[in-house]
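Hi there,

Here is the structure I promised to pass along, with the sequence and the coordinates together. Have a look first, and then read on for my notes.

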Amino acid sequence: MQTRRETLKQSAVVAGLLASAGLIPQQAAAYEKVAFDAKTAADVTKALGAGAPVESKDVTIGGPDIAENGAVVPLTASTTLAGVKRVLILVEKNPAAMVAMFNVTDAVEANFATRAKMGQSSDVYAVAIMNDGKAFFAKKEVKVTLGGCGG
Amino acid sequence: MKKQTQLLIAAGVAAVVLVAGCSSMPSSAELDKLSQDVAKASFRDQGQAKVDRLVLDDANLECMKADVAGQPIAEPVAKAIEAANFASIKWPAGGQYIGDWKEGEKIAQSGRGMTWTDAAGSENGGNCYNCHQISKEEISFGTLGPSLYNYGKMRGVANPYAPESAAIVQYTWGKIWNSRAYNACSQMPRAGHKGILTEQQVKHIMALLLDPKSPVNQ
Amino acid sequence: MKRWTLALAATMISAAALAQKSASDGIAEYRAMLADGNPAELFEAKGEDLWKQKRGPKNASLEQCDLGKGPGVVKGAFVELPRHFADTNKVQDLESRLVTCMETLQGFNGAEIAKTAYGRGEQANVTALATWIAAESRGLKFNLPNSHQQEKVMYEVGKRLFFMRSGTHDFSCASCHGEDGKRIRLQDLPNLTKNPGDGIGFAAWPAYRVSNGQMWSMQLRLNDCYRQQRFPYPLFGSDATIALGAYMGVNAKGAENIAPAIKR
Amino acid sequence: MADPMRIRAQAAGDKATVRVLMSHEMESGQRKDSAGKVVPAWFIQDVSASLNGKVVMTAEWGPAVSKNPFMQFVVKGAKAGDKIAVTWKDNKGDSRTDEATVS
């Protein structure tokens with residue numbers, strides 16, 4: 001177990017390492033703004049230069065059937081397909097559909113989890129974008145309930 | 001301010017100990033008094049929520065005592081509270097009890113109003129779904145109060161304006177306006193009596209419960 | 001009226017029970033998904049750091065703070081609070097005790113901290129400290145001493161305040177927390193007049209609130225209960241809030257502490 | 001300077017599951033303040049993770065990731081004692097890197 005002070009000390013070192021590898025500036029330049037502004041799954045994949053997404057049983061979206069609070073909805077996206085380049089998590093009825101985009105390398109599994117804000121009940125998507133530009137998706141409905149007490 | 005409140009318990013203990021003799025607990029009445037003093041010293045005004053809200057009327061004082069003792073309130077005290085609260089009910093002008101159930105549903109859904117974060121004078125909600133099941137469509141409902149689904153239908157109200165419905169219509173109005181008129185220590189807020197809902201809003205809630213067209217009675 | 005209610009309840013039970021079962025199962029599943037990766041950990045880490053850091057006008061750490069089990073003893077302190085402290089001759093809860101230590105050891109102005117809004121300045125630091133200290137007693141069972149005269153008086157005062165119906169809506173704490181198996185909307189309500197069970201009620205706070213992404217201490221939990229009860233504003237560390245803590249804490253005897261928890 | 005992350009990396013077999021909590025407001029840009037003014041979006045945009053100094057994953061996030069974000073991913077070939085570092089950068093240019101040892 002690492003103490004926080006050790007973490008702090010190493011933080012500067014690691015940041016320096018990543019910066020010297022040219023990582024941070026590269027990422028900033030590559031931010032997919034158009035994809036993050038898109039309203040639908042099809043528009044998202046188009047903005048990312050991929051084809052229209054096709055439903056696939058080899059892609060999995062995980063999440064609760066009912067979210068007690070839309071501010072934090074745990075979602076997982078994964079695929080068993082070989083040759084996957086990116087894994088996306090989308091919420092259809094949000095102001096912009098894409099929540100997060102994970103770039104897959106050989107060193108990680110195509111299996112990611114994060115938590116999303118949802119303004120209302122909606123379908124949520126996992127989308128796998130392949131190296132050849134094809135896109136596959138899975139979806140499920142997540143109901144968002146009202147909070148207590150109306151306040 | 002803080003120092004003052006913190007000294008209170010020590011002072012309170014010292015005072016009652018002096019009265020009661022060393023190391024014996026203060027009496028229940030002394031603790032009642034001390035509790036009220038502690039409450040007074042522990043709260044401040046914020047927004048529309050002023051410290052005068054801590055003043056207990058007879059109904060609240062007697063019910064609190066009964067709750068602390070873990071006993072039901074004494075029958076004659078209960079009857080007196082119910083009579084006093086019944087007398088305070090304001091009945092609608094011209095016998096017009098029923099409003100629009102669609103408005104009633106909105107009021108039932110809203111839990112807003114009268115907290116220190118609500119703007120003074122903003123429209124209040126009824127808080128109804130917090131404690132009651134009402135329409136079947138809303139699955140997010142509380143269970144502190146009984147289910148009100150099919151409220152009118154169950155009671156045979158086919159026409160809330162018909163004379164045979166008068167008794168249940170009047171009871172329902174009275175219960176919403178001042179619940180303590182029928183049950184001295186009811187936990188239900190006194191929506192009309194305490195100015196939480198307007199007469200018009202109560203009519204809309206009445207429609208939600210009693211209008212045969214309301215989703216409650218489907 | 002009793003009869004109406006009973007008849008209604010009996011006919012309703014089957015349909016409603018079915019619909020409700022799936023909803024509450026769904027929510028249980030949702031909560032389980034959140035439990036792994038509770039952002040309260042972020043506040044825990046901050047609190048531990050604040051405890052050990054030299055801070056304040058006296059440039060001192062809190063490592064000599066006496067939380068009831070002797071100077072510097074953190075483990076097990078949380079499950080015995082509120083309790084009476086000889087140096088202040090007061091019953092104090094975790095947060096008011098931390099402010100005392102910040103005042104005496106670090107030279108902060110306690111009255112200023114008490115007046116600071118939750119989540120701001122030193123008040124945010126008190127919450128982080130409380131989060132870490134609570135976490136250091138994770139898995140331990142509540143066991144307030146309740147032996148000193150002032151502790152017993154505080155318990156009795158707390159009990160009375162728990163049942164005090166007031167405000168525009170006539171709500172007391174007991175309106176929502178006086179019976180088993182009740183809900184507001186879909187939220188289960190613990191019965192706080194007794195031990196509500198491991199990790200429930202007093203044994204769950206401080207907690208991370210999912211709805212607003214804030215870390216809530218017990219003082220803030222009570223503050224927001226009173227807001228929704230339509231009461232006036234309870235002062236931070238006031239005797240009323242500490243008395244309620246004493247009442248709930250003594251009632252929770254034997255309950256296992258899971259704080260810092262994650263809540264709606 | 002932003003508060004540190006909490007990173008837990010646990011090896012099982014020939015891979016390690018990494019769980020990360022970050023301290024960030026993740027302001028959506030949809031919310032209005034009490035005066036009715038839109039609170040500008042403020043969120044983590046770029047995330048990257050490395051194993052022993054070699055980048056294994058990058059991600060881009062929008063403002064719909066929840067406040068105080070949580071992220072989980074699985075690194076192949078990671079074993080106890082390896083170093084996992086995570087960096088985030090937000091749309092205001094603030095960034096933070098923390099490191100943990102795989103256990």
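Which residue of chain C forms a salt bridge with B:Arg180? The partner is C:Asp170, and the closest N and O atoms of the two residues are 3.5 Å apart. Please keep in mind as you read that this is a predicted model.

**Chains B and C**

That salt bridge belongs to the interface of chain B and chain C, where the count is 6 salt bridges. There are also 28 residue pairs in polar contact between chain B and chain C, both residues being at pLDDT 80 or more. On the chain B side, several elements each supply at least two residues: helix H1 (2-20), helix H2 (28-42), strand E1 (43-44), helix H3 (58-69) and helix H6 (128-131). H2(B) gives the most to this side, with 10 residues. Sorted by class, the side of chain B that touches chain C holds 36 nonpolar, 24 polar and 12 charged residues.

As for the extent of the interface, 72 residues of chain B are in contact with 56 residues of chain C. About 6,100 Å² is buried between chain B and chain C, and carbon and sulfur atoms give 62% of that area. If you want names to look for, try B:Phe43, B:Trp116 and B:Leu144: they supply 12% of the area that chain B buries against chain C, more than any other three residues.

B:Phe43 turns up again in the strand pairing between the chains, where B:Phe43 stands opposite C:Pro234 in E7(C). The strands concerned are E1(B) and strand E7 (residues 233-234) of chain C, which run antiparallel and are joined by 2 bridges.

**Inside chain B**

The domain assignment splits chain B into domain 1 (2-71) and domain 2 (93-217). Between these two domains of chain B, 9 residues of domain 1 are in contact with 10 residues of domain 2. The area buried between them is about 760 Å², with 48% of it given by carbon and sulfur atoms.

How many salt bridges are counted between domain 1 and domain 2 of chain B? The count is 1, and in a salt bridge the side chains of B:Asp57 and B:Arg190 meet at 3.0 Å, N to O. There are also 6 residue pairs in polar contact between the two domains, with both residues at pLDDT 80 or more. The side of domain 1 that touches domain 2 in chain B is made up of 3 nonpolar, 4 polar and 2 charged residues.

**Chains D and A**

Next comes the interface of chain D and chain A. Here 43 residues of chain D are in contact with 40 residues of chain A. The buried area is about 3,500 Å² between chain D and chain A, of which carbon and sulfur atoms give 54%.

The count of salt bridges between chain D and chain A is 1. D:Lys15 and A:Glu109 form a salt bridge in which the closest N and O atoms are 2.8 Å apart. Across this interface of chain D and chain A, 18 residue pairs are in polar contact, both residues being at pLDDT 80 or more.

On the chain D side, strands E3 (44-51), E4 (54-61), E5 (70-76), E6 (83-90) and E7 (95-101) each supply at least two residues of the side that touches chain A. E4(D) brings the largest share, 8 residues. By class, the side of chain D that touches chain A counts 19 nonpolar, 12 polar and 12 charged residues.

E4(D) also pairs across the interface: 4 bridges join it to strand E6 (residues 98-103) of chain A, and the two strands run antiparallel. Within this pairing, A:Ala100 has D:Trp61 in E4(D) as its bridge partner.

**Inside chain A**

Last, a look at the strands around E9(A), which spans residues 135-144. Strand E8 (residues 122-130) of chain A runs antiparallel to E9(A), with 8 bridges joining them, and A:Ser122 stands opposite A:Val142. E8(A) and E9(A) form a hairpin with 4 residues between them, and A:Gly133 in the turn has a positive phi of about 90°.

Two other strands of chain A pair with E9(A) in the parallel sense. Strand E1 (residues 54-55) does so over 2 bridges, with A:Glu55 opposite A:Phe137. Strand E3 (residues 66-67) likewise pairs over 2 bridges, and the bridge partner of A:Ala67 is A:Val144.

Best wishes

Definitions and conventions: Residues numbered from 1 in each chain as written. Chains lettered and ligands numbered in written order. Predicted model: local features only at pLDDT ≥ 70, side-chain atom pairs only at ≥ 80, totals over all residues. Heavy atoms only, no water. Domains from an automatic or database assignment. Contact = heavy atoms within 4.5 Å. Buried area = accessible area lost by both parts, 1.4 Å probe. Salt bridge = Lys/Arg side-chain N within 4 Å of Asp/Glu carboxyl O. Polar contact = N/O pair within 3.5 Å; in protein donor to acceptor, adjacent residues only side chain to side chain. Nonpolar A, V, L, I, M, F, W, Y, C, P; charged D, E, K, R; others polar. Pairing = 2+ DSSP bridges.
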